[in-house]
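This briefing walks through a few parts of one molecular structure, topic by topic. Please keep the sequence and the 3D view at hand while reading.

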Amino acid sequence: MPKTKKKYAPAETAPLTAQERVSRYMRGNKAKHTQPELLLRRALWHGGLRGYRLHWKKVPGKPDVCYPGRRLAIFLHGCFWHRCPYCAPALPKTNTTFWAEKFARNQERDHRNREKLKAAGWQVLVIWACQLQKDVPGCLFAVKALHAGVPESYWLEAA
Ligand SMILES: [Zn+2]
C-alpha cells in the first residue's frame, strides 16, 4: 500500500476573523506580504538595512517599506496594477475602458503620494517588481545609496 502523505492545510486558508475582514475591506484589498515584497525585505535584511517599517500609516501612500529616520520611502510596485514603464504589461482585452480608467486612477494616486512625500522632505524610490526579479543586488544598491544619503544631523534636526 503506497504511503500517502497528508498535506497540512496552509495557514492562509484559516477563516478570517470579523476584525480581519473589516480591515481588509478598509485597505481596499491592497496586497501585503506578496512574493516580491518578501524578496525585497529579505534582501534589505541581509544587506544590513534593518529598522524599516512596513506599510507605515503615518506617511502618505503607506509605502511598502520606509525608513523614518532616513526619510526614505520605498514603493514596490506591481507591474500590472501600477503600469510598469519597463515591461509595459498589456491592457486586459475585455472591459478595456474600465481598466484604463482604473489604472489611470492608480497612477494618479501614486503620483500624488510621491509628491506629498517629497514635499515633506522624503526621498522616494520606486522599485518595479520586474526590476527586482531581474536584479536584486541592483535594487539593494539603489536603496543603500539613498539610505546613506541623508546625514544623521538632518533627521535629528527634523525630528
Ligand atoms: Zn515591470
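Apart from its neighbours within four places in sequence, Asp64 is in contact with Glu37, Leu54, His55, Ile74, Phe75 and Leu76. The model in which these contacts are found is a predicted one. The points below begin with Asp64 and go on to the nonpolar core, a pair of helices and two residues with an uncommon backbone angle.

**Asp64 and its surroundings**

- Asp64 belongs to the loop between β1 and β2, and because it has 23 C-beta neighbours inside 10 Å, where 20 or more are needed, Asp64 counts as buried.
- Although Asp64 and Phe75 are eleven residues apart in sequence, their C-alpha atoms are 5.3 Å apart in space.

**The largest nonpolar core**

- The largest nonpolar core has 22 residues, and the members that touch the most others are Leu40, Cys66, Leu72, Ala73, Ile74, Leu76 and Ile127.
- At least two residues of this core come from each of α2 (35-46), β2 (65-67), β3 (72-77), β4 (123-128), α5 (129-134) and α6 (136-149), and β3 gives the most, with five residues.
- Cys66, one of the core members named above, is in contact with Tyr52, Arg53, Trp56, Val59, Leu72, Ala73 and Ile74, when its neighbours within four places in sequence are left aside.

**How α2 and α6 meet**

- The axes of α2 and α6 come within 10 Å and cross at roughly 60°, and the two helices are therefore oblique to each other.
- The crossing of α2 and α6 is right-handed.
- On the α2 side the residues that meet the other helix are Leu39, Leu40, Ala43 and Leu44, while α6 brings Val136, Cys139, Leu140 and Val143; sorted by class, this contact has eight nonpolar, no polar and no charged residues.

**Two residues with a positive phi**

- Most residues other than glycine have a negative phi.
- Lys62, which is not a glycine, nevertheless has a positive phi of about 40°, and its place is in the loop between β1 (53-54) and β2.
- Is Lys62 buried or partly exposed? Lys62 is partly exposed, because 18 other C-beta atoms lie within 10 Å, and 20 or more would be needed for a buried residue.
- Arg71 is not a glycine either, and it has a positive phi of about 50°; Arg71 lies in the loop between β2 and β3.
- With 20 other C-beta atoms within 10 Å, Arg71 is buried, because 20 or more is the cut-off.

Definitions and conventions
Residues numbered from 1 in each chain as written. Predicted model: local features only at pLDDT ≥ 70, side-chain atom pairs only at ≥ 80, totals over all residues. Core = buried A, V, L, I, M, F, W, Y, C linked by C-beta atoms within 7 Å. Buried ≥ 20, exposed ≤ 12 C-beta atoms within 10 Å, placed from the backbone. Helix = DSSP H or I, 4+ residues; strand = E, 2+ residues; numbered from the N terminus. Contact = placed C-beta atoms within 7 Å. Axes fitted to C-alpha atoms, helices over the stretch in contact; angles between N-to-C directions. Parallel < 35°, antiparallel > 145°, perpendicular 65-115°, else oblique. Left-handed = near helix turned anticlockwise from the far one by under 90°. Nonpolar A, V, L, I, M, F, W, Y, C, P; charged D, E, K, R; others polar.
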